[in-house]
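Student: Could you walk me through reading a few features of a model like this one?
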Amino acid sequence: MASVSEESAVTDVEPVETLASQKREARLRKFKELHLKRNEAHRLNHQEVAEEDKKLKLPSNWEAKKARLQWELEENEKKKECAARGEDYDRVKLLEVTASDAERWQRKKKKKNPDTGFAGYAEAQLRQYQRLTKQIKPNMEAYDKQREESGEDFYPTSNTLIHGTHVPTKEGIDRMVEDVEKQIEKRSKYSRRRAYNDDADIDYINERNAKFNQKAERFYGKYTAEIKQNLERGTAV
């Protein structure tokens with residue numbers, strides 16, 4: 001009877017030890033998984049911090065530059081593909097533009113004001129040239145007729161003598177005269193700053209005082225002219 005009880009006790013202890021070992025292995029496995037996840041999170045955090053530090057060291061417009069470079073690369077690839085197929089890239093590009101995009105670009109172009117004010121005589125002359133050339137309406141019939149009459153001289157080279165051979169039409173001369181008269185009329189409306197007169201009397205202490213004296217002279221000069229002359233001659237009473 002004692003041997004039977006001992007065998008039953010041994011058989012009861014073995015399942016308990018097996019269950020405990022399984023639980024311990026499960027905990028170790030879980031701990032190992034958590035340890036791996038922690039290492040992975042630490043690695044990802046370090047990577048994100050490095051990327052953020054790299055972005056902070058880049059210029060403020062880096063993203064725009066990057067997008068621009070990417071767009072230029074794509075444009076160059078498309079140009080090469082069109083050239084290989086023998087197609088015009090500008091024409092292919094326009095075919096991909098929708099009506100809504102074209103209308104939006106046109107409205108944006110109209111709102112834009114290229115005239116930023118006077119910055120120099122060269123810039124002002126360039127703006128005037130661009131403004132005048134936009135007003136030109138070419139006569140294609142006269143252009144084709146002149147090209148037929150001139151023949152090869154229409155595209156002159158270094159050996160072509162064309163000085164004095166062109167005679168402008170009466171309509172062209174009238175257009176030029178009308179345009180010049182419009183420019184003169186517009187220029188006459190400009191308010192330019194008066195030139196400084198070195199010979200004028202200095203009766204002011206600063207710019208503000210000079211303007212005040214000019215206003216006083218404009219309104220009361222005719223009443224004080226005699227008194228002023230007497231003071232200058234030294235004959236004032």
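Tutor: Let's go through the fold, the burial and a charged patch.

Tutor: First, the ground rules: this is a predicted model, local features need pLDDT of at least 70, side-chain atom pairs count only at pLDDT 80 or more, and totals for chains, interfaces and linings use all residues. Residues are numbered from 1 along each chain as its sequence is written, and side-chain values use heavy atoms, with hydrogens and water left out.

Student: How many helices and strands does the protein chain have?

Tutor: Helices (H or I, at least four residues) and strands (E, at least two) are DSSP runs, numbered from the N terminus. Here the protein chain has eight helices and zero strands.

Student: Is Glu75 buried or exposed?

Tutor: Buried means under 20% relative accessible area, exposed over 50%, and partly exposed in between (1.4 Å probe, protein chains only). Glu75, found in helix 2 (residues 62–85), counts as buried because its relative accessibility is 10%. Across the protein chain, buried residues make up 4% of the 237 residues.

Student: Which residues is Glu75 in contact with, leaving aside neighbours within four places in sequence?

Tutor: Contact means heavy atoms within 4.5 Å. With those neighbours set aside, Glu75 touches Tyr89 and Lys93. Chain-wide, of the contacts between residues at least 6 apart in sequence, 17% join residues at least 24 apart.

Student: And what about Glu217: where does it lie?

Tutor: Glu217 sits in helix 8 (residues 207–233) and is partly exposed, with a relative accessible area of 45%.
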